[in-house]
Amino acid sequence: MVSDASINRLLEKSALGPEQIGLLNDAYERTLHALHLVDRNDPLTEIVAKKVIEVSQTGISDPARISELAVNDLER
């Protein structure tokens, strides 16, 4: 998956390792796709990135599940 500046910028100073960052990038890309957000310069992409990170902090590590929960939260 292609990484994006929004989520990587937010994770820049985190203590997460490359594998965890890769999982979050995967979840982020899945979420953008599910929400039909193709313009990576859209300010909404940062909101999506923050939501993906927030969901992952609950202990869930499966990118598909993180994306599913993020989409559900964002669509409310």
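The following legends describe close-up views of salt bridges and of one buried residue in a predicted model.

**View 1. Arg30 and Asp26 form a salt bridge within helix α2.** The closest N and O atoms of Arg30 and Asp26 are 2.9 Å apart. Both residues belong to helix α2, which spans residues 18-34. Because Arg30 and Asp26 are four residues apart in this helix, about one helical turn separates them. The two partners differ in their exposure: Arg30 is partly exposed, with a relative accessible area of 37%, whereas Asp26 has a relative accessibility of 17% and counts as buried. This bridge is one of eight salt bridges in the structure. In general, side chains of opposite charge can pair when their charged atoms come close.

**View 2. A salt bridge between Lys51 and Asp73 links distant parts of the chain.** The closest N and O atoms of this pair are 3.6 Å apart. Lys51 lies in helix α3 (residues 44-56) and Asp73 in helix α4 (residues 63-74), and 22 residues separate the two in sequence. Lys51 is buried, since its relative accessible area of 16% falls under 20%. Asp73, at 26% relative accessibility, is partly exposed.

**View 3. Arg65 and Glu68 are joined by a salt bridge in helix α4.** Their side chains meet at 3.1 Å, N to O. Arg65 and Glu68 are three residues apart, which corresponds to about one turn of the helix. Both partners are partly exposed: the relative accessibility is 36% for Arg65 and 41% for Glu68.

**View 4. Lys51, Glu54, Asp73 and Arg76 belong to one network of salt bridges.** The four residues are joined through salt bridges that share partners. Among the members of this network are Lys51 and Asp73, which form the salt bridge between helix α3 and helix α4.

**View 5. Ile66 is a buried residue of helix α4.** Its relative accessibility is 1%. Apart from neighbours within four places in sequence, Ile66 is in contact with Leu24, Ala27, Val52, Val55, Ser56, Ile60 and Ser61. The C-alpha atoms of Ile66 and Arg30 are 9.2 Å apart in space, while the two residues are 36 residues apart in sequence. Arg30 is the partly exposed partner of Asp26 in the salt bridge of helix α2.

Terms used:
Residues numbered from 1 in each chain as written. Predicted model: local features only at pLDDT ≥ 70, side-chain atom pairs only at ≥ 80, totals over all residues. Heavy atoms only, no water. Buried < 20%, exposed > 50% of the residue type's maximum accessible area, 1.4 Å probe, protein only. Contact = heavy atoms within 4.5 Å.
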